[in-house]
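Open the model in your viewer and keep the sequence panel beside it. The stops below go from one residue outwards to the chain as a whole.

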Amino acid sequence: GEFQLVSAVLGIAHPPGYPLYTILGRLFALLPIGDVAWRINFYGAICGALTLAIIASSVRRASGSTSAALIAASVLGVATTFWAQSTTANIRTLTALLTALSLSRLLRWGETRSQRDLTVFAVCFGLGIGHHASISLLGLPFLAFILATDPRIVSQPKRCGGAAAALAASLT
C-alpha cells in the first residue's frame, strides 16, 4: 500500500524516498482505468514486461537465436520472485528494468563503440543508481567491461567525457 499511496499523492516513501519511482508511478495513477491501486500495480507489470522484452532483445542480439531469447525471458518471467514483484506496487521492478536497460545499452556500446551508446548507457546507469543504490555494485563489472572492450578509452577524454557528464547529470 505504501507505494500505491505515495505515487497517487506524490508523497515520500520510506528512505531513500524513491523519487523516480514515485514520479513515474504518478503518471500511471493518472490513467483513466481501474482504481489507483490497480494502476500502480499495472505500473509494476509494465516494468516487468519491459524488463523481459529488453532481456529477450539483448539475448537475441548477442546469440543470434530467437529461441535462446524466448527461453531467457521465459525463465526470468516465471521465476517466483520476479513474478511476485511484477504484480505488485514496489520499487524492485523498476530496479530490474533499469538494470536490464543499462546492461543492454552497454552491450550495444560494445558492438558499436559509439559515443551515443555509451552516453545512453551512462544515463540509464545513473538513473538506476539514483533509484536504488544497490545498482552501483555493477559499476566495477561495467567499468571492467568498458576497459576490456576498449582499453584506450581512458586516454581519450573526448570519447568518454560526454558519458561521464551524462552519468553525473542523471545522478542529480
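Select Val154 first. This residue is exposed, because its relative accessible area is 58% and the cut-off for exposed is over 50%. The model is a predicted one. Val154 sits in the loop that joins α8 and α9 (157-171).

Now add Leu140, Leu143 and Leu147 to the selection. Together with Val154 they make a nonpolar surface patch of about 390 Å². Display the surface here to see the patch that these four side chains form.

Next, select residues 92-112, which are helix α6. How far apart are the end C-alpha atoms of α6? They are 30 Å apart, and this agrees with the span of 30 Å expected for 21 residues at 1.5 Å a residue.

Keep α6 selected and colour its buried residues. Among them are Thr93, Leu94 and Thr95 towards the start of the numbering, and Leu106, Trp109 and Gly110 further along. Arg105 is also one of the buried residues of α6, as are Ser102 and Ser104.

What covers these buried residues? Show α2 (19-29), α3 (36-63), α5 (80-86), α7 (115-131) and α8 (139-149), which are included in the cover.

Zoom in on Thr95, a residue of helix α6. Is Thr95 buried or exposed? Its relative accessibility is 12%, so Thr95 counts as buried, the cut-off being under 20%. Select His131, His132 and Ile135 as well: Thr95 is in contact with these three, once its neighbours within four places in sequence are left aside.

Then step just past the end of α6 to Arg113. The backbone there takes a positive phi, of about 55°.

Finally, clear the selection and show the whole chain as a cartoon. Nine helices and zero strands make up its secondary structure, and along the sequence the pattern reads α-α-α-α-α-α-α-α-α. The radius of gyration is 17 Å, close to the 16 Å that the globule rule gives for 172 residues, so the chain is as compact as a globular protein of that length.

Turn the C-alpha trace along its principal axes: the spans are about 50 × 40 × 25 Å. Buried residues account for 35% of the 172 residues. Of the contacts with a separation of 6 or more, 58% are between residues 24 or more positions apart. Switch the surface back on for a last view: the accessible surface is about 9,100 Å², and carbon and sulfur atoms hold 71% of that.

Technical notes. Residues are numbered from 1 along each chain as its sequence is written. This is a predicted model: local features need pLDDT of at least 70, side-chain atom pairs count only at pLDDT 80 or more; totals for chains, interfaces and linings use all residues. Side-chain values use heavy atoms; hydrogens and water are left out. Helices (H or I, at least four residues) and strands (E, at least two) are DSSP runs, numbered from the N terminus. The expected span of a helix is 1.5 Å times one less than its number of residues. Buried means under 20% relative accessible area, exposed over 50%, partly exposed in between (1.4 Å probe, protein chains only). Contact means heavy atoms within 4.5 Å. Patches are made of residues with over 30% relative accessible area and no salt bridge: like charges are joined within 9 Å, nonpolar side chains (Val, Leu, Ile, Met, Phe, Trp, Tyr) within 5 Å. Accessible areas come from the Shrake-Rupley method with a 1.4 Å probe; for residues, only the protein chains shown count as cover. The radius of gyration is taken over C-alpha atoms; the globule rule is 2.2 Å times the number of residues to the power 0.38.
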